[in-house]
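Here is a walk through one structure, taken a residue and a strand at a time. Keep the viewer open and follow along.

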Amino acid sequence: MSIALAQPSTPALSAQERRRYERYACPHYAQTFFAFQWRDCEVEDISAGGASVMSGDRPAVGEPVTLFVEDVAEMPGVVVRHTEGGFALRFDFSARAAH
């Protein structure tokens, strides 16, 4: 007996369409904290779930990082991937005690 699998009726979504949260430009001064040191950075964009950080210093994927954005907040997160000019950070507020 064979079972036919239903094919999706809609085309696959692009990475942009799959985003859970809307992203915003972030013109504020920012720093990251990892490896026991604060480092200046630029936040390319930010959402409720994470941020794209431009920095010459790249922590390892999986490393906990705290992102400080002046006049906004200090947000703990985890590096999820490296980008051409920095890294992507997923916010993880359960990790606050570990930072």
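**Starting from one isoleucine**

Let's begin at I46, which is found in strand β2; strands (E, at least two residues), like helices (H or I, at least four), are DSSP runs, numbered from the N terminus. A word on provenance: this is a predicted model, in which local features need pLDDT of at least 70 and side-chain atom pairs count only at pLDDT 80 or more, while totals for chains, interfaces and linings use all residues. Residues are numbered from 1 along each chain as its sequence is written, and side-chain values use heavy atoms, with hydrogens and water left out.

Is I46 buried or exposed? It is buried, with a relative accessible area of 13%; the cut-offs are under 20% for buried, over 50% for exposed and partly exposed in between, using a 1.4 Å probe and protein chains only. Setting aside neighbours within four places in sequence, I46 is in contact with E22, R23, Y24, C26, A51, L67, M75 and F91, where contact means heavy atoms within 4.5 Å. One of these, C26, sits 20 residues away in sequence, yet the C-alpha to C-alpha distance from I46 is 6.5 Å.

Now step across to the next strand. The bridge partner of I46 in β3 is A51. Strand β2 covers residues 37–46 and pairs with β3 in the antiparallel sense over four bridges; two strands count as paired if DSSP finds at least two bridges between them. With three residues between them, β2 and β3 form a hairpin. On its own account, A51 is in contact with R23, V43, D45, I46, L67, F87, A88, L89 and F91, again leaving aside neighbours within four places in sequence.

Why is β3 largely enclosed by the rest of the structure? Four of the five residues in this strand (residues 50–54) are buried, so the surroundings cover most of it. Five bridges join β3 to strand β6 (residues 86–91), and this pair runs antiparallel. Look for M54, whose bridge partner in β6 is G86.

Zoom out, and six strands close into a barrel in the order β1-β2-β3-β6-β5-β4, with antiparallel pairing. Neighbouring strands of this sheet are turned by 45° against each other on average, direction ignored; the axes are lines fitted to C-alpha atoms (for helices, over the stretch in contact), and angles run from 0 to 180 degrees between N-to-C directions. Strand β1 (residues 30–34) and strand β4 (residues 64–69) pair antiparallel over four bridges, with A30 standing opposite V69 in β4.

While you're at β1, check T32, which is found in that strand. T32 is buried, with a relative accessible area of 0%. Beyond four places in sequence, T32 touches Q37, W38, R39, C41, V53, V65, T66, L67 and F87.

The largest nonpolar core has 16 residues, of which V43, I46, A51, L67, V69 and F91 touch the most other members. β1, β2, β3, β4, β5 (73–83) and β6 each supply at least two residues of this core. Such a core is a set of buried Ala, Val, Leu, Ile, Met, Phe, Trp, Tyr and Cys residues joined through side-chain atoms within 4.5 Å.

For contrast, finish at F93, in the segment after β6. F93 is partly exposed, with a relative accessible area of 48%. Outside its neighbours within four places in sequence, F93 is in contact with M75 and P76. The C-alpha atoms of F93 and M75 are separated by 7.3 Å, with the two residues 18 apart along the chain.
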